[in-house]
Amino acid sequence: MRAVLLVFAVLFATPAMAAPESKAAAHYKQGKAFLAAKQYDQAIVEFEAAYAIDKVASHLFNIATAYDAKAEYDKAISYYQRYLDAEPTSKLAVQVRTLVVDATRKRDDAAAKKREEAMRRMMMD
């Protein structure tokens with residue numbers, strides 16, 4: 001009887017370890033909440049944590065989406081490409097390729113605007 005009680009005491013005194021999949025899912029869920037709240041830096045941290053645990057490629061897509069929303073287009077393009085490298089035949093592949101083109105265009109447009117503003121400032125001086 002003492003042995004049985006000891007086993008129960010050990011079982012219930014030991015904190016339960018979450019399975020890696022559930023830890024990744026928790027990070028994913030928190031990342032989606034941060035993304036919806038437009039807290040992009042926090043979303044990226046959570047998606048990166050999820051990816052570090054389970055290596056599911058969709059986390060790369062989510063990281064890219066957050067960088068795209070932050071207007072960090074080079075990073076967005078890099079993560080979109082990593083997603084495509086990991087899932088070249090996914091149902092999202094065509095959409096992701098379009099997102100790469102869009103992010104590239106936005107990056108180039110932003111760079112052109114900066115150059116124009118710099119030229120305008122130089123002309124005013």
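This passage describes the helices, nonpolar core, aromatic pairs and salt bridges of a predicted model.

A convenient place to begin is helix α6, which covers residues 93-124. With 32 residues at 1.5 Å a residue, α6 should span 46 Å, and its end C-alpha atoms are 47 Å apart, which agrees. The buried residues of this helix are Ala 93, Val 96, Val 100 and Ala 103. Their spacing invites a look at helix geometry: an α-helix has 3.6 residues a turn, so residues three or four places apart point the same way. The partners of these buried α6 residues are found in α4 (58-69) and α5 (73-86), against which they pack.

From here it is a short step to the interior. In soluble globular proteins, nonpolar side chains tend to be buried together. In this model, the largest nonpolar core has 25 residues, and Tyr 80 and Tyr 83 have the most contacts inside it. At least two residues of this core come from each of α2 (20-36), α3 (40-54), α4, α5 and α6. The helix that gives the most is α5, with seven residues.

Tyr 83 deserves a closer look. When neighbours within four places in sequence are set aside, Tyr 83 is in contact with Ala 57, Ser 58, Leu 60, Phe 61, Ser 90, Leu 92 and Val 96. One of these, Val 96, is also among the buried residues of α6. Another, Ser 90, sits in the loop between α5 and α6. Ser 90 has a relative accessible area of 17% and is therefore buried, falling under the 20% cut-off. The side chains of Ser 90 and Tyr 83 make a polar contact at 2.8 Å.

Aromatic rings come next, with a count of four aromatic pairs. In one of them, the ring centres of Tyr 28 and Phe 47 are 6.3 Å apart and the planes stand at 45 degrees, so the pair is tilted. This pair links distant parts of the chain, with Tyr 28 in helix α2 and Phe 47 in helix α3, 19 residues apart. The two rings are set in contrasting surroundings: Tyr 28 is partly exposed at 32% relative accessibility, whereas Phe 47 is buried at 0%. Phe 61 and Tyr 80 also form a tilted pair, at 6.0 Å centre to centre and with 50 degrees between the planes. Here the link runs from Phe 61 in helix α4 to Tyr 80 in helix α5, 19 residues apart. Both Phe 61 and Tyr 80 are buried. Ring pairs also bring in Tyr 83, so that Phe 61, Tyr 80 and Tyr 83 are linked into a cluster. Tyr 80 and Tyr 83 are thus met again here, as the residues with the most contacts inside the largest nonpolar core.

Helices α2 and α3 can be viewed through another pair of residues as well. Lys 29, placed in helix α2, is exposed, with a relative accessible area of 64%. Lys 29 and Glu 46 are 17 residues apart in sequence, while their C-alpha atoms are 8.5 Å apart in space.

Charged side chains complete the picture. Side chains of opposite charge can pair when their charged atoms come close. A search of the whole structure finds seven salt bridges. Among them, Asp 68 and Lys 106 meet at 2.9 Å, N to O. Asp 68 lies in helix α4 and Lys 106 in helix α6, so this pair ties together parts that are 38 residues apart in sequence. Asp 68 is buried, with a relative accessible area of 11%, while Lys 106 is partly exposed at 27%.

A salt bridge also joins the side chains of Asp 74 and Arg 107, at 3.0 Å, N to O. This one links Asp 74 in helix α5 with Arg 107 in helix α6, 33 residues apart. Arg 107 takes part in a further salt bridge, with Asp 108, at 3.1 Å, N to O. Arg 107 is partly exposed, with a relative accessible area of 30%, and Asp 108 is likewise partly exposed, at 39% relative accessibility. Finally, a network of salt bridges links Asp 41, Lys 70, Glu 72 and Lys 75.

Conventions
Residues are numbered from 1 along each chain as its sequence is written. This is a predicted model: local features need pLDDT of at least 70, side-chain atom pairs count only at pLDDT 80 or more; totals for chains, interfaces and linings use all residues. Side-chain values use heavy atoms; hydrogens and water are left out. Helices (H or I, at least four residues) and strands (E, at least two) are DSSP runs, numbered from the N terminus. The expected span of a helix is 1.5 Å times one less than its number of residues. Buried means under 20% relative accessible area, exposed over 50%, partly exposed in between (1.4 Å probe, protein chains only). Contact means heavy atoms within 4.5 Å. A nonpolar core is a set of buried Ala, Val, Leu, Ile, Met, Phe, Trp, Tyr and Cys residues joined through side-chain atoms within 4.5 Å. A polar contact is a pair of N or O atoms within 3.5 Å; within protein, one must be able to donate a hydrogen and the other to accept it, and residues adjacent in sequence count only if both atoms are side-chain atoms. Rings of Phe, Tyr and Trp (its six-membered ring) pair if their centres lie within 6.5 Å; planes under 30 degrees apart count as stacked, over 60 as edge-to-face and the rest as tilted. A salt bridge is a side-chain nitrogen of Lys or Arg within 4 Å of a carboxyl oxygen of Asp or Glu.
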